[in-house]
Amino acid sequence: MTQLPLRQKAVGWFFQPVALGRVAAMRFLAGAFIWVDWWWYMPWILGHRHVPGELYQPLFIARVLPIFPVPDYWIVVGTLVVLLAATVPMMFGWKPRLFGWIVAAAYFEWMIIAMSYGKVDHGKFAFLLLLFLLPTMPKAKWGDREHLSEHVGWGFNLVQIGVICTYFFAAWAKFRYGGFEWVNSATMTWAIIRRGTEFSTWMLDYPWMLRAVQWGMVSFELLTPVIMFIAAKRLKYAAVVFLYCFHVSVYLAVGISFLPHMVAMACFLPLERVSPRDLVRRLKRGKRVEESAPISIPLKDADSRSPQPHQDLPAT
């Protein structure tokens, strides 16, 4: 008797309905990041068009699925052109499923090209998951809070799990490859010496603080799965804001950015409440009110501008 309610709760949690407006917002954010990615965030990927094919060492998935050719000039440039061309209609909701699948496939190939030369980023796992789940979701409009979908809730739950797994398995990898020496040694000291900024170099004078940062970082990474089970929405939003603040702090301290991960993390937030049309209307309405408002003259100024009564000069 107790198994059925638990099963129903689990199904209800995993398929919790989400407003379609969040889908439109996430499509726009994902597309906007792709443009930022190739132009500013990781512009070096385009440089692989000149790298000799002998240096290409495909990732495991590219070896299991031998459908990815060795990158050359035309493959790298062609992948980028297809990616950017398909991103624009997906961002603005024109045939988002068709162009969403094209974007997901092209960006996946873009990541194979990027990560098959020795550098693999774990911060794009959740973003890739987001790109492959957005095409499965229905067409949506900004600010739509009336239409709810369990399928959308399922998709964003998978992305959220991907976000949490990025943190949890990052801590697991630290202990797997570094053991307790990762948190007890001079890991952060080495990072700040190598990549420190004016916001973090002062900490080199306080080794105990850097060791505390290491322990705190690993502890919060191991505890991130708790966020998935927070029932209070405000408390969950506060936890997500804490994660954003953590990444901002890391960027300011050592210049390491997790921007694609932060984009995927936005699916935790109630973005369906954002409506660009309503914002534009409010701005226009505010300008009209300011233009139509009568100009009031302060009482002191009005007294100084009003004609003074005639006063006779004193007799001499």
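This is a short tour of the structure above, one selection at a time, and the model you have open is a predicted one.

**Stop 1: the annotated spans.** Start with the record. UniProt, in an unreviewed entry, marks residues 12-36, 73-92, 99-117, 123-140, 152-173, 212-232 and 239-259 with the annotation "transmembrane region". Pick out 152-173 from that list: this span is 100% helix and 0% strand, and its end C-alpha atoms lie 31 Å apart. Now try 99-117, where the chain is 89% helix and 0% strand, with 28 Å between the end C-alpha atoms.

**Stop 2: helix α5.** Select residues 96-115, and you have α5, a helix of 20 residues. From first C-alpha to last, α5 reaches 27 Å, close to the 28 Å expected at 1.5 Å a residue. Is α5 mostly covered or mostly bare? Mostly covered: 15 of its 20 residues are buried.

**Stop 3: the nonpolar core.** Next, light up Tyr107, Trp110, Phe127, Phe156 and Met265, the residues with the most contacts inside the largest nonpolar core, which has 79 residues. Which helix gives the most to this core? That's α5, with 12 residues.

Zoom in on Phe156 and show its neighbours. Leaving out residues up to four places away in sequence, Phe156 touches Val18, Arg22, Val23, Met26, Leu130, Leu134, Met137 and Cys267.

**Stop 4: the largest pocket.** Turn on a surface view and look for a pocket of about 1400 Å³, the largest one here. It has 45 lining residues, and those closest to its centre are His122, Val250, Val254, Ile256 and Phe258. Colour the helices α2 (21-41), α7 (150-178), α9 (187-195), α10 (207-223) and α11 (233-254), since you'll find that each supplies at least two residues of the lining. The largest share, 9 residues, comes from α11.

**Stop 5: helix α11.** Stay with α11 and select 233-254. This helix has 22 residues and reaches 32 Å from its first C-alpha to its last, close to the 32 Å expected at 1.5 Å a residue. Which residues of α11 are buried? Among them are Lys236, Tyr237, Val240, Leu243, Tyr244, His247, Val250 and Val254. As you click along, remember that an α-helix has 3.6 residues a turn, so residues three or four places apart point the same way. Show α7, α9, α10 and α12 (259-265) too: they are included in what covers the buried residues of α11.

**Last stop.** Step just past the end of α11 to Gly255, which takes a positive phi of about 75°.

Notes. Residues are numbered from 1 along each chain as its sequence is written. This is a predicted model: local features need pLDDT of at least 70, side-chain atom pairs count only at pLDDT 80 or more; totals for chains, interfaces and linings use all residues. Side-chain values use heavy atoms; hydrogens and water are left out. UniProt positions are given in the numbering used here, feature names are shortened, and annotations may be inferred rather than shown by experiment. Helices (H or I, at least four residues) and strands (E, at least two) are DSSP runs, numbered from the N terminus. The expected span of a helix is 1.5 Å times one less than its number of residues. Buried means under 20% relative accessible area, exposed over 50%, partly exposed in between (1.4 Å probe, protein chains only). A nonpolar core is a set of buried Ala, Val, Leu, Ile, Met, Phe, Trp, Tyr and Cys residues joined through side-chain atoms within 4.5 Å. Contact means heavy atoms within 4.5 Å. On a 1 Å grid over the protein atoms alone, a cavity is a set of points where a 1.4 Å probe fits but cannot get out, and a pocket is an open set with protein on both sides within 12 Å along at least five of seven lines; lining residues have an atom within 4 Å of a point. Grid points are joined across faces, edges and corners, and a volume is the space filled by probe spheres set on the points.
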